Amino acid sequence: MELRHLRYFLTIVELDNLSRAAEKLCVAQSTLSHALRQLEEELGIALFDRVGRTMRLTQAGRVFRDYAARTCNEATRAKRAMQELNELDAGTFTLGAIPVFPLAFLPRTVSAFNQRHPKVRIVVQDLLAAQLEEKLALGMLDLGIAFHPASRDDVESEPLFSERLVLAVGREHPFARKRRVQWRTLDSIPLALFPPKFSTRILIEDAFKAANVQLQVAVEMDSTESLLAVAAEGQLATIVPETAATGFERVNLIPITQPELSRQLGLLWPKGAGRTRAATTFAGMLKEMSMAVRKGQKA
């Protein structure tokens, strides 16, 4: 059963006449008559009584009219909804981001996207990298922001930027006036760090092992803001992504050298799945925003 056949049927119902219906639909009367015959054969019942040139609905035709009208209306609504999605005038965009993603980038991009496309609802989920990749693979997210490259074969990624990890200390910390430190300098220094479930924590542990330095974790916290706040209050230091800490006024950021430690962040997509217009638009804005922020520009 074709949608056009339903529309032909409803036009005939409206005008009670085959020739006038054909004229309105801009099709040959023979084409319209053939389509009606196909529809009745498929349904196995007559929809009209032919009285001269007048077409009158049978009882079956009256019942079928309601179903045909609802179907055509739903098809029209579906087409309109798809147009609105394509034009970013409707829909929901679901984004997953690791908790330690630079704070300056994401809120600004979300705000800018909302201002341009206020009818699109944005849902942002804070997820660990493994959880984020799993949700992407299952089609539960439109876009992810995590580490590049992705660890799963069913998730693809593209590089966004690389950033270094730095030591953050309060203004009264013994290291507060240092311009840089080496990993060996951090031997047995009390630190506040992310828990071991975070990929950033694993990077830090590997750096300590490579430098043959003792790691002393005094406090574990789940967010960059909390780690920086603890460091600002006392004698604890923390190691966080540089851009995530930029703008936090009560701490000093000190580069760690020999070697510098960095991580690569990227945009993650479900492999082989279509990318929504909202996701690709947001990804483009995020790339522009990250470049502007990293250059110190006001985006």
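**Legends to close-up views of a predicted model**

**View 1. Methionine 289 in the predicted model.** Methionine 289 is buried, with a relative accessible area of 10%. The model shown here and in the other views is predicted. Methionine 289 belongs to helix H10. Its C-alpha atom is 6.6 Å from that of threonine 109, although 180 residues separate methionine 289 and threonine 109 in sequence.

**View 2. The largest nonpolar core, with 34 residues**. Which residues touch the most other members of the largest nonpolar core? They are Phe93, Leu143 and Leu267. Two or more residues of this core come from each of strand E3 (92-97), helix H5 (105-116), helix H6 (129-137), strand E5 (143-147), strand E6 (155-170), strand E12 (262-270) and helix H10 (277-294). H10 gives the largest share, 7 residues. Another core lies apart from this one and has 20 residues, including Val181, Leu186, Ile189 and Leu261.

**View 3. Surroundings of phenylalanine 93.** With neighbours within four places in sequence left aside, phenylalanine 93 is in contact with Val120, Arg121, Ile122, Val123, Asp142, Leu143, Ala278, Ala279 and Phe282. Phe93 and Leu143, which are in contact here, are both among the residues that touch the most other members of the largest nonpolar core.

**View 4. Histidine 117 in the loop between H5 and strand E4 (121-126)**. Is histidine 117 buried or exposed? Histidine 117 counts as buried, because its relative accessibility is 17% and the limit for buried is under 20%. Not counting residues up to four places away in sequence, histidine 117 touches Leu88 and Thr281.

**View 5. The span 1-58, annotated in UniProt**. An unreviewed UniProt entry lists residues 1-58 as "domain: HTH lysR-type". In the model, this span is 62% helix and 14% strand. The C-alpha atoms at the ends of residues 1-58 are 19 Å apart.

**View 6. Packing of helix H1 (residues 3-15) on H3**. The axes of H1 and H3 are 10 Å apart and make an angle of about 110°. H1 is therefore roughly perpendicular to H3, since angles of 65 to 115 degrees fall in that class. From H1, the residues His5, Leu6, Tyr8, Phe9 and Ile12 take part; from H3, they meet Leu32, Ala35, Leu36, Gln38 and Leu39. By class, the contact of H1 with H3 has 8 nonpolar and 2 polar residues, and no charged ones.

**View 7. Packing of helix H2 (residues 18-25) on helix H3 (residues 29-43)**. At what angle do H2 and H3 pack? The angle is about 110°, and the axes of H2 and H3 lie 9 Å apart. H2 is thus roughly perpendicular to H3. On the H2 side the contact involves Leu18, Ser19, Ala21, Ala22 and Leu25, which meet Gln29, Leu32 and Ser33 of H3. The residues of the contact of H2 with H3 divide into 5 nonpolar, 3 polar and no charged. Leu32 of H3 also appears in the contact with H1.

**View 8. Cysteine 26 in the loop between H2 and H3**. Cysteine 26 is not a glycine, yet its phi is positive, about 60°. Cysteine 26 is exposed, and its relative accessible area is 69%.

**View 9. Serine 19 in helix H2**. Serine 19, one of the H2 residues that meet H3, counts as partly exposed at 34% relative accessibility. How many residues apart in sequence are serine 19 and serine 188? They are 169 residues apart, and their C-alpha atoms are 92 Å apart in space.

**View 10. The cis peptide bond from glutamine 258 to proline 259**. Omega of this bond is near -5°. Proline 259 lies in the loop between strand E11 (251-257) and E12, and glutamine 258 is likewise in the loop between E11 and E12. Phi of glutamine 258 is near 55°, a positive value although the residue is not glycine. Glutamine 258 is exposed, with a relative accessible area of 58%.

**View 11. The cis peptide bond from histidine 148 to proline 149**. What is omega for the peptide bond from histidine 148 to proline 149? Omega is near 0°. Proline 149 is located in the loop between E5 and E6. Both E5 and E6 give two or more residues to the largest nonpolar core.

Key
Residues are numbered from 1 along each chain as its sequence is written. This is a predicted model: local features need pLDDT of at least 70, side-chain atom pairs count only at pLDDT 80 or more; totals for chains, interfaces and linings use all residues. Side-chain values use heavy atoms; hydrogens and water are left out. A nonpolar core is a set of buried Ala, Val, Leu, Ile, Met, Phe, Trp, Tyr and Cys residues joined through side-chain atoms within 4.5 Å. Buried means under 20% relative accessible area, exposed over 50%, partly exposed in between (1.4 Å probe, protein chains only). Helices (H or I, at least four residues) and strands (E, at least two) are DSSP runs, numbered from the N terminus. Contact means heavy atoms within 4.5 Å. Axes are lines fitted to C-alpha atoms, for helices over the stretch in contact, and angles run from 0 to 180 degrees between N-to-C directions. Angles under 35 degrees count as roughly parallel, over 145 as roughly antiparallel, 65 to 115 as roughly perpendicular and the rest as oblique. Ala, Val, Leu, Ile, Met, Phe, Trp, Tyr, Cys and Pro count as nonpolar, Asp, Glu, Lys and Arg as charged, and the others, Gly among them, as polar. UniProt positions are given in the numbering used here, feature names are shortened, and annotations may be inferred rather than shown by experiment.
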